[in-house]
Amino acid sequence: MSEQSHRLDAAAAPGRIDRGHPLRFVFNGRGYEGFAGDTLASALIANGVHLVGRSFKYHRPRGIVGSGSEEPNALVQLRTGERTEPNVRATQAELFDGLIASSQNCWPSVGFDLGAINDMASRILPAGFYYKTFMWPPSAWMFYEGLIRRAAGLGRAPDDPDPDRYEKRFAHCDVLVVGAGPAGLAAALAAARAGARVVLCDEQAEMGGQLLAHPRGVGAVIDGRPALDWASAALGELASNKDVTLLPRTTCFGYYDHNALALAERVADHVAKPRQFQPRQRLWKLRARRVVLATGAIERPLVFRDNDRPGIMLAGSAAAYGMRYGAAVGRRVLVFTNNDSAYRAALALFDAGVGIAGIVDLRPAASGKPVEDARARGIEVLAGWALTATDGPSKVRAALAMQLDEAGAGVQGPIRRIECDAIAMSGGWNPAVHLYSQARGKLRYDGAQGIFLPGRTEQALAVAGSCNGAWSLGACLAEGAAAGAAAAEAAGFTAASAPAPAAAEENDSPARLLWVVPSDRPLGEGGKHFVDFQNDVTAADIGLAVREGYKSVEHLKRYTTSGMGTDQGKLGNVHALGILAEVTAAEPGAVGTTTFRPPYTPVGFGTLAGRDVGALADPVRTTAMHGWHVAAGAVFEDVGQWKRPHYYPRPGESLHDAVNREVKAARTGVGILDASTLGKIDIQGPDAAEFLNRIYTNAWTKLEIGRARYGFMCREDGMVFDDGVTTRLAAGHFHMTTTTGGAARVLSWLEEWAQTEWPELRVYMTSVTEQWAVAAIAGPHARALLAKVGTGIDLDAKAFPFMAMREGNVAGIPARVFRISFTGELSYEINVPARYGMALWQALMAAGAEFGITPYGTEAMHVLRAEKGFVIVGQDTDGTVTPIDLGMDWIVSKAKDFIGKRSLSRADTARGDRKQLVGLLTDDPRVVLPEGGQIVAELKPEPPMAMLGHVTSSYFSANLDRSIALALVRNGRQRIGAALHVPLADRNIRVKVVEPKFIDPEGRRQDG
Amino acid sequence: MPAARYSIFSLLRNAATYHREWQAAWRSPDPKPAYDVIIVGGGGHGLATAYYLAKEHRISNVAVLEKGWLGGGNTGRNTTIVRSNYLWDESAHLYEHSLKLWESLSQELNFNVMFSPRGVLNLAHNLHDLRELQRRVNAIRLNGIDSEILTTAQVKAMVPILNCSPNIRYPVLGASLQRRGGVARHDAVAWGFARGADALGVDIIQNCEVTGIRREGDRVVGVETTRGFIGAAKIGCVAAGHSSVLASMAGLRLPIESHPLQALVSEPIKPILHTVVMSAAVHVYVSQSDKGELVIGAGIDAFNSYAQRGSLPIIEEIMASACVLFPMFSRLKMLRSWAGIVDVCPDASPIISGTPVKGLYFNCGWGTGGFKATPGSGWVFAHTLAQDRPHPLNAAFSLERFTSGALIDEHGAAAVAH
Ligand SMILES: Cc1cc2nc3c(=O)[nH]c(=O)nc-3n(C[C@H](O)[C@H](O)[C@H](O)COP(=O)(O)OP(=O)(O)OC[C@H]3O[C@@H](n4cnc5c(N)ncnc54)[C@H](O)[C@@H]3O)c2cc1C
């Protein structure tokens, strides 16, 4: 373990760290020590470590550039094993004891990386080079691509499932304030004092924003007391207000329509692992009446030659490391700037005991208080100078400076070499308008400052502070307080007119805008001016892209990949636009910006997925009799969300053994099926019959009370959509059944028609699928079984005919008994309130023992209905089949209108040779056709072959002792009796086309 | 001006002059007063149409009018899955023709479109899925297109990171695989076709929005644009999500709904996924780009919209599905999400067709899955425009089918549509 070589003296730079609380951590296999309150980046800097990673394309050594979410370079693989996480910004990773991190995208090590060969070859690898080569020979791309893939990518995904959990929360508030810097704090205070429910979030662990880190904040005075005291008082007041929710470590990452906002809270990322039951992160889905964006500003680099060496960083960040973390970014820091703010950074660092090698200022006439203060401390200021190169293999060790010409287009005079071990650069500050822009706010370009500012927006939001271009502390506080009060007022509260917190105004001298800092060599010829550090995009690349015609901002971005890294161009985007504008001789405001898209910073998949993973991925629906099926050893099938018994194997039985036994029992004794999963919809209202009449293809108005009818629903295009039996319970009351999988879809369909097309109909639908448990008993003994358990119903075939419903007490349980049949056997579907389902089932099983009652599953159900030629919608139909194609012309009313009726008469739909439902019998009765087999008339040795249709259902029928199949075949009705073929990958099966009814075509068995 | 050929040699040669000598990939001419053919929409399909008009039909007095930047619509927003394993003969033939063009497109255009046939897997999660898979694979095979069924064990071998445990909510029961399917670089397709068309004399005009379609009697005579009137006797509209807007300019209604379709990418990570994996039942599909980003998508936002913006719940569902199939994705991060506006037909198949207005043609309705068709779609549309009648490959994709009922229902194929 090494000592913290670059930790500053506690008296000169106390910072926000707890020096009494050391923490050990490991980076690239080496042990270090930091303090509580450090980030990984600040702890590394305190230990003199700057080289942390390699860039994406050229694998150049890279160091820490920023101090927050803008960081492009310092991406690490954090933690190991199942909790490892790639691409973590070291600048945001809070240090904890035992933290382990390593560099990414380098091999064998960050110090010596073979991938850096790309840097040597960089001359032939300009932007977009890959579009111009790797095309020969044509088959070789996959080979080249393999190499490219291996070289690309940053960190590594974990090998194992994530052990942590994630939660979601919905919340509402009157005012959401994003950003807890001075403007955000002032806004939250003003809104909370007006009585509004306020949520204040900030992506950092500690609230206070620039007050914690910026030279302008740390030493400032607000309302007559030190700024930090004011901030802690403000936070204290907010924390004690029950209507205020403070969310530190929470990034507002998405701004959606109508003030729907998404926030990611890092609940337990700052500790080694979450406590038991504690989520790692939490997704907040917030609906805010008003939003105040106080998201601050992001410093921008200067684009000068070789501006990417480790040790070259943003001036504000260099200051933050000193003032917030008590860590020195170097011992001789050279400052390079075009504006005043870097002077403040230099002064703060100097006062904290950091050596300043000098200040190089692009402005020839640098003047004003900060400049004087610097000179007063004996710091050399080179005004009108520029850095033209830097030196140092893995960390900067010197910079070359030359005098700028008047236009700023070139440099002149002697070269001065300035020894330094860090460079603090500042190219000004960009308002962090990302969320504003996500909210569809229009940006406006401020040519004097070279920045994009919020312009106009339609959403209920306000922008305050440096996000809005306010640079002095006093202005930030005033804007924040005003925005907070206005937001509360707009949300219906009355804000007392209190004075805003006050601080001194400081006015900066104007900055000097140079999108590219010239050097003594033409751009792109020797050395690189980086615009996007992570993706290695240089100013020369932008020139090349423009030359090649990629001059729309979006083309530029896509061609060069500028702004497409994990930082999404937080540092480089505006420079890229500026350079583009310069090259094309346009105004940056006119070239436009690329669209800011969610998320503001990357958000965990797990955070977005929440709890809907693993066993909770989709609800499991089970019936009231599920426990019985489990105990009986049923094998289950997923049907939609339902678990249905597929078959009930006895010891040693295969699927087919069991199914053969089950189907025989249903035709010779009595079988019992759990039919509870069928969709059930209760339909009521004076117009219910008329409604059904329009929905179904057959007629419903004259159906008698107590009678049931089978119906098809079609879509507007005339294709079968769902089917089921519906029963009239009273004049204006029906009980509809649907397919298991179609239940929700059908209910939505009915609602859509009732609500949007026929609002004049008085009809109301309620899903009652869950309310009824259904046992279907089928077979010659079904009536005897019912009689035995007792029903209170006259079961005589005349008194209780087929397609009728009777209410009674089955085995003492109030029940609706439907005499309907999906097997063709004498059959009753007994519906009881779901809570009695198990009791009913057990009573039937007990009473049925003497009849050999046999539970059967969905597979046997399929066989039984196929023997009768009953279709399953979704299996024997696929959205391209009309009722007529199914041979069910009788169900299509000629007399009345219904959904899909007109479509049935369309030229193609009315054709006689459409695909029609037929039966197929294989020549060899033992051979069962595979479902999904395609049917041809003419066999060819090789594909292609013209297809006539396909096998939709196919089984071995134990009752017939042979295989049977249903199929859709072009012009099938005309082919009955003909031979066709089912060519498979490995064999061919010959079949004969038959009527799709294999058992009891006259339908005698259903009466028992 | 013939464009310089791209090759490793031209790269080396240009390196010597610090890449200062590269020419624009396409010119940016001002619009002429009139053209033989105007293509509205500078997406992949529109640019491919122009390219094949010039290349195959020697019609090069053509302008492509794009309201924004080339490829800025769905071409530049899609998840780039390319495959031809469609169920119905009409679709299979069209998409297969396109896939064949993909296979040599980089050489054809002398622009690396990075078509990467890394295989497309469609997972089955229940017995119904398996049945459908069988049906499709059999149909596709009998159409002479590569397609096979994999067992769960074979799927696992191919995609080791996929959760193939039998104990998950919807276990993987098998998959279909088209080995010749894969992905390509979307922007490069637009740029490559633009460069190719430009070299053959086509005028590519960006920032030129068509605001009206001028008719004389029952035929078109040109378009009103933000850069003035431009005449043409033939107008091909290839405007994806905005097709119905263009149609209404000519007084037509199209059977199209425009919906947002979202997609997202993760941060780049080292390669872990080498094939495209799609699941209709768990509702997500994933591939990994050459850059290392996982490219992920699923279904449309249910509402109609022309604003290229989706809603968060869809993203949450996509992410949950991705983590269900790939539990180790949970600690990765979403870098960027976006939406495009897709033009969905009732039968989920495209319209490549003339209209009741003479000289006015539409190529649209590709919905969530038209990227794969880009070269083939341009190829048949060019034929349709040049000959004033469809090629046999697109004859079935007429506008009349919505009157006759001869729909080509690919909803199954389009459940996860791409
Ligand atoms: C998120 C997403 C994922 C997708 N994934 C896949 C996939 O994996 N595989 C697949 O095959 N397909 C996919 N698709 C679908 C595919 O992107 C599209 O079908 C296809 O790219 C359409 O190409 P296009 O050239 O017709 O349309 P576009 O690229 O949208 O081009 C239409 C152009 O017309 C322009 N335009 C519109 N109106 C006017 C006007 N009035 N004047 C001038 N110009 C106008 C637009 O600006 C636009 O550039 C996806 C789509 C999205 C949105």
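This briefing covers the ligand site in chain B, two buried loop residues of chain B, and two sheets of chain A. The model is predicted. The ligand is surrounded by 39 residues, and the protein buries 97% of the 1000 Å² that the ligand exposes when taken alone. The two chain A sheets are both open, one of 3 strands with antiparallel pairing and one of 5 strands with parallel pairing.

**Ligand site**

- Among the 39 residues around the ligand, the closest are B:Glu66, B:Asn74, B:Thr75, B:Thr79 and B:Lys372.
- B:Asn74 places a backbone N or O atom 2.7 Å from an oxygen atom of the ligand.
- For B:Lys372, the distance from a polar backbone atom to an oxygen atom of the ligand is 2.8 Å.
- B:Gly370 also has a backbone N or O atom beside a ligand oxygen atom, at 2.9 Å.
- Of the ligand's 1000 Å² of area when taken alone, 97% is buried by the protein.
- Three elements of chain B, namely α2 (44–57), β12 (257–266) and β16 (333–344), each supply at least two residues of the shell around the ligand.
- The element that gives the most to this shell is β12(B), with 3 residues.

**B:Ser116**

- B:Ser116 sits in the chain B loop that runs between α4 (105–109) and β4 (120–124).
- Its relative accessibility is 0%, so B:Ser116 counts as buried.
- Leaving out residues up to four places away in sequence, B:Ser116 touches residues of both chains: A:Trp141, A:Met142 and A:Glu145 on one side of the list, and B:Gly181, B:Gly182 and B:Val183 on the other.
- B:Arg185 is 69 residues from B:Ser116 in sequence, while the C-alpha atoms of the two are 8.8 Å apart in space.

**B:Asn143**

- B:Asn143 is part of the loop between α5 (127–142) and β5 (148–150) of chain B.
- B:Asn143 counts as buried because its relative accessibility is 9%, and the cut-off for buried is under 20%.
- The side chain of B:Asn143 makes polar contacts with two other side chains, that of B:Asp89 at 3.1 Å and that of B:His93 at 3.3 Å.
- Apart from neighbours within four places in sequence, B:Asn143 is in contact with B:Asp89, B:Ala92 and B:His93 in chain B, and with A:Pro944 and A:Met947 in chain A.

**Antiparallel sheet of chain A**

- The strand order in this open sheet is β21-β22-β23.
- β21 (385–391) and β23 (411–419) are the edge strands; each has a single partner strand, so one side of each has no neighbour in the sheet.
- On average, neighbouring strands here are turned by 25 degrees against each other, direction ignored.
- β21(A) pairs with β22 (residues 398–404) in the antiparallel sense over 6 bridges.
- Within this sheet, A:Ala386 stands opposite A:Met402 of β22(A).

**Parallel sheet of chain A**

- The order of the 5 strands is β17-β24-β18-β19-β20.
- The edges are formed by β17 (312–314) and β20 (381–383), each with a single partner strand, so one side of each is left without a neighbour in the sheet.
- The average turn between neighbouring strands is 20 degrees, direction ignored.
- β18 (residues 332–337) and β19 (residues 355–361) pair in the parallel sense over 6 bridges.
- A:Thr337 stands opposite A:Asp361, a residue of β19(A).
- Helix α9 (residues 341–351) of chain A lies across β18, β19, β20 and β24 (422–426), and runs at about 170 degrees to β19(A).

Terms used. Residues numbered from 1 in each chain as written. Chains lettered and ligands numbered in written order. Predicted model: local features only at pLDDT ≥ 70, side-chain atom pairs only at ≥ 80, totals over all residues. Heavy atoms only, no water. Pairing = 2+ DSSP bridges. Helix = DSSP H or I, 4+ residues; strand = E, 2+ residues; numbered from the N terminus. Axes fitted to C-alpha atoms, helices over the stretch in contact; angles between N-to-C directions. Buried < 20%, exposed > 50% of the residue type's maximum accessible area, 1.4 Å probe, protein only. Contact = heavy atoms within 4.5 Å. Near = heavy atom within 4 Å. Polar contact = N/O pair within 3.5 Å; in protein donor to acceptor, adjacent residues only side chain to side chain. Areas by Shrake-Rupley, 256 points an atom, 1.4 Å probe, with all protein chains shown as cover.
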